[in-house]
Amino acid sequence: MAEFKLISNNKKARHDYFIEDTYEAGLELFGTEVKSIRDGKASIKEAYAEIRNGEMFIIGMNITPYDHGNQFNKDPLRTRRLLLHKREIIKMEDLKARDGYTLVPLRLYINPRGLVKIEIAVAKGKKNYDKRETLAKKDAERNIQKALKNYNR
């Protein structure tokens, strides 16, 4: 089985949020945007998703204009529609209706069939003490692994 090609990863999302549920969505793109994504020129670091009139959109995703696109290039920060099943959108809307939940993109990739996909998460924001706790756990785990590696020598 062929692997997917990772274009952009939102590492900060896992640091800033508790991830409750994830969904894979397609993107409604123009040709020059797809070519630019295939070149790896896209970023989801400042992006978020929003539901409007029963449709989901991604806002703040940056796709650098394609070098050879001339007049066919679109605005790099335009709002793009996400392609999801209606029942998935309704489920996410119900989860988002609870207080403190938001829709954040985790990663942008090209699947084995060559389609551009984005992974969207329903997430709840972490407090500062939660972030410190997560970092402390990671640090402790790293120290344990280091000690085990040195012990086995």
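The seven-stranded sheet is where I would like to start: in this predicted model, the sheet is open, its strands run in the order β1-β8-β9-β2-β7-β5-β4, and the pairing is antiparallel. At its edges stand β1, residues 5-9, and β4, residues 48-52, and because each has a single partner strand, one side of each is left without a neighbour in the sheet. From one strand to the next, the twist averages 40°.

Staying with the β4 edge, β4 pairs with β5, residues 55-59, in the antiparallel sense over five bridges, and within this part of the sheet tyrosine 48 stands opposite isoleucine 59 of β5.

Now to the helices that meet the sheet. Helix α2, residues 31-38, packs on the sheet, where it touches β1, β7, β8 and β9, and its direction makes about 75° with that of β8. Helix α3, which spans residues 86-97, lies across β2, β4, β5, β8 and β9, and runs at about 155° to β2.

Stepping back to the whole chain, we have four helices and nine strands, which follow one another along the sequence as β-α-β-α-β-β-β-β-β-α-β-β-α. If we take contacts between residues at least 6 apart in sequence, 70% of them join residues at least 24 apart. Of the 153 residues, 35% count as buried, while the accessible surface comes to about 10000 Å², with 49% of that belonging to carbon and sulfur atoms.

Finally, on charge, the chain carries 32 positive and 22 negative side chains, and the centres of these two sets lie 4 Å apart, in a chain whose C-alpha atoms fill a box of roughly 60 × 40 × 30 Å along the principal axes.

Conventions:
Residues numbered from 1 in each chain as written. Predicted model: local features only at pLDDT ≥ 70, side-chain atom pairs only at ≥ 80, totals over all residues. Heavy atoms only, no water. Helix = DSSP H or I, 4+ residues; strand = E, 2+ residues; numbered from the N terminus. Buried < 20%, exposed > 50% of the residue type's maximum accessible area, 1.4 Å probe, protein only. Contact = heavy atoms within 4.5 Å. Areas by Shrake-Rupley, 256 points an atom, 1.4 Å probe, with all protein chains shown as cover. Lys, Arg positive; Asp, Glu negative; His and termini not counted. Charge placed at Lys NZ, Arg CZ, Asp CG, Glu CD. Pairing = 2+ DSSP bridges. Axes fitted to C-alpha atoms, helices over the stretch in contact; angles between N-to-C directions.
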